[in-house]
Amino acid sequence: MDFEEHYTPEQEAFRAAVRGWMEARLPGNIYVPPDEKPLDQETQARLREFRRSLGAQGWLAPAWPTEAGGAGLSPALTVIIQEEIRRLHLPSLGDNPRWIPSIMTWGTDEQKRRYIPPAVRGELITWLCFTEADSGTDMAAIQTQAVREGDDYLINGAKAFITGQFDPDYLWTLAVTDPRRPQRLNLGVFMIDARSPGITIRTQRLLRGSERFVFFDNVRVSSDCLVGTPYLGWEIAMGSVAGEHGEPPPRVDERGTVASIIQYLKEEREGKNPNRS
Ligand SMILES: Cc1cc2nc3c(=O)[nH]c(=O)nc-3n(C[C@H](O)[C@H](O)[C@H](O)COP(=O)(O)OP(=O)(O)OC[C@H]3O[C@@H](n4cnc5c(N)ncnc54)[C@H](O)[C@@H]3O)c2cc1C
C-alpha cells in the first residue's frame, strides 16, 4: 500500500504561493528556544505581528468559512497551510485554541463575539489554566476558588505547569464555584483578563514547556467571564482537553526534545538551572 502523500499540480502551486507569502513576511533572525522556554519581548512582538498577518489571510483557521474569519479552504489545502506553518519551525504561535469549541458550545452570543473573532485574527494569546500543584491528573481536586460577590466573582488560588511561550491576554481558568457541592458538580470555567489586578505569573525552569505558574490573589472578575453555568465547569474543561486526546499536536513532534534534554542536563551539571521569576 502506498502511504506517500500525493498532491495535484494545482495543490502544489498553492503550496508554492503560500510558502512564498510566508517567507516574505517571516521576521528574520528569530531565535526559537529548543525547549519551549518563554520568548523575549522583541521575539514575541515580531511573532505576534506575523501571526496577525496569518490571521488576516484566514490561515489561523484555514478550514473555517470566510465570514467566520477563516479561509474556507478544502481539507487538502488546509493541510498544506498547516504543513507550511510547521515547516517554519516557529513556536506554537501563541494561542491554545482549545477553548474556542467550548465557547462556541457554552458561551453567550456576547462571549462568542468578544473572544472568537480576535482569536481567529491572531490577536489573542490564551493560556489554559486547569492544573494545580496538587491536582494534575486528578483535576476534580483543584482548590482555586471563585466566590460570587454581587455581580462579580473573587478568584483565589494557584495554577501550575502551564504552557506559555508568549505573555497571555486571557486565562481559560477552572475554579471551584461552590465547595459544598460534590466534586465535578462544583466547578466553573472563566475567561479571565490576564492583566487583571491580583494576577502574578512566575516562571520556573523545567525540562520542557509547562514552566508557567499563575497566582490569583483576590482577582475580581465580572460574572460575564463565567462560561456556561457555575456548575458546568467539569463538562466544559473535559471538552477543552478532549482535543489533546488523539489530535496530532505539534508537541508529539520530536523536534527539540532531545536537544532540550541535553541542554537541561548540561545546565544542571553546571549549576545553571536557577528558578526564574
Ligand atoms: C508539556 C506540558 C504542558 C502542559 N501544559 C499545561 C497547560 O497549558 N495547562 C494546564 O492546565 N496544564 C498543563 N500541563 C499539566 C498537565 O495537564 C499535567 O501535568 C497532567 O494533568 C498530569 O498531572 P501531574 O503532572 O500533576 O501528574 P500526576 O497527577 O501526579 O500523575 C502522575 C502519574 O500518576 C498517575 N496517577 C495519578 N493519580 C492516580 C490515581 N489516583 N491512581 C492511579 N494513578 C494515578 C497518573 O496517571 C500519572 O501517570 C502540562 C504538562 C506538560 C508536561
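## Close-up views of helix packing and the ligand site

**View 1. Helices H1 and H3 make a right-handed crossing.** The model shown here is predicted. H1 covers residues 9-25, and H3 covers residues 75-87. The two helices pack at an angle of about 35°. Their axes are 10 Å apart. From H1, the contact uses Gln 11, Phe 14, Arg 15, Val 18, Arg 19, Met 22 and Glu 23. From H3, it uses Ala 76, Leu 77, Ile 80, Ile 81, Glu 83, Glu 84, Ile 85 and Arg 87. By class, the residues of this contact are eight nonpolar, one polar and six charged.

**View 2. Helices H4 and H5 pack with their axes 10 Å apart.** H5 spans residues 109-120. The angle between H4 and H5 is about 155°. Angles over 145 degrees count as roughly antiparallel, so H4 and H5 are roughly antiparallel to each other. H4 passes H5 in a left-handed crossing. On the H4 side, the contact is made by Trp 99, Ile 100, Ile 103 and Met 104. On the H5 side, Gln 111, Lys 112, Tyr 115, Ile 116 and Ala 119 take part. Seven residues of the contact of H4 with H5 are nonpolar, one is polar and one is charged.

**View 3. Helix H4 also meets helix H6.** H4 is made of residues 99-106, and H6 of residues 233-242. Their axes come within 8 Å and cross at roughly 140°. H4 and H6 are therefore oblique to each other. The crossing of H4 past H6 is right-handed. Trp 99, Ser 102 and Trp 106 belong to the H4 side of the contact. They meet Glu 235, Ile 236, Gly 239 and Ser 240 in H6. This contact of H4 with H6 has three nonpolar, three polar and one charged residues. Trp 99 appears in the contact with H5 and in the contact with H6.

**View 4. Residues from Leu 128 to Ser 210 surround the ligand.** Leu 128, Cys 129, Phe 130 and Thr 131 are among the residues around the ligand. So are Gly 136 and Thr 137. Phe 161, Ile 162 and Thr 163 also belong to this group, along with Arg 208 and Ser 210.

**View 5. Leu 128, Thr 131 and Thr 137 place polar atoms by the ligand.** At Leu 128, a polar backbone atom is 2.6 Å from a nitrogen atom of the ligand. At Thr 131, a polar side-chain atom lies 2.6 Å from a ligand nitrogen atom. At Thr 137, an N or O atom in the side chain is 2.7 Å from an oxygen atom of the ligand.

Methods. Residues numbered from 1 in each chain as written. Predicted model: local features only at pLDDT ≥ 70, side-chain atom pairs only at ≥ 80, totals over all residues. Heavy atoms only, no water. Axes fitted to C-alpha atoms, helices over the stretch in contact; angles between N-to-C directions. Helix = DSSP H or I, 4+ residues; strand = E, 2+ residues; numbered from the N terminus. Parallel < 35°, antiparallel > 145°, perpendicular 65-115°, else oblique. Left-handed = near helix turned anticlockwise from the far one by under 90°. Contact = heavy atoms within 4.5 Å. Nonpolar A, V, L, I, M, F, W, Y, C, P; charged D, E, K, R; others polar. Near = heavy atom within 4 Å. Polar contact = N/O pair within 3.5 Å; in protein donor to acceptor, adjacent residues only side chain to side chain.
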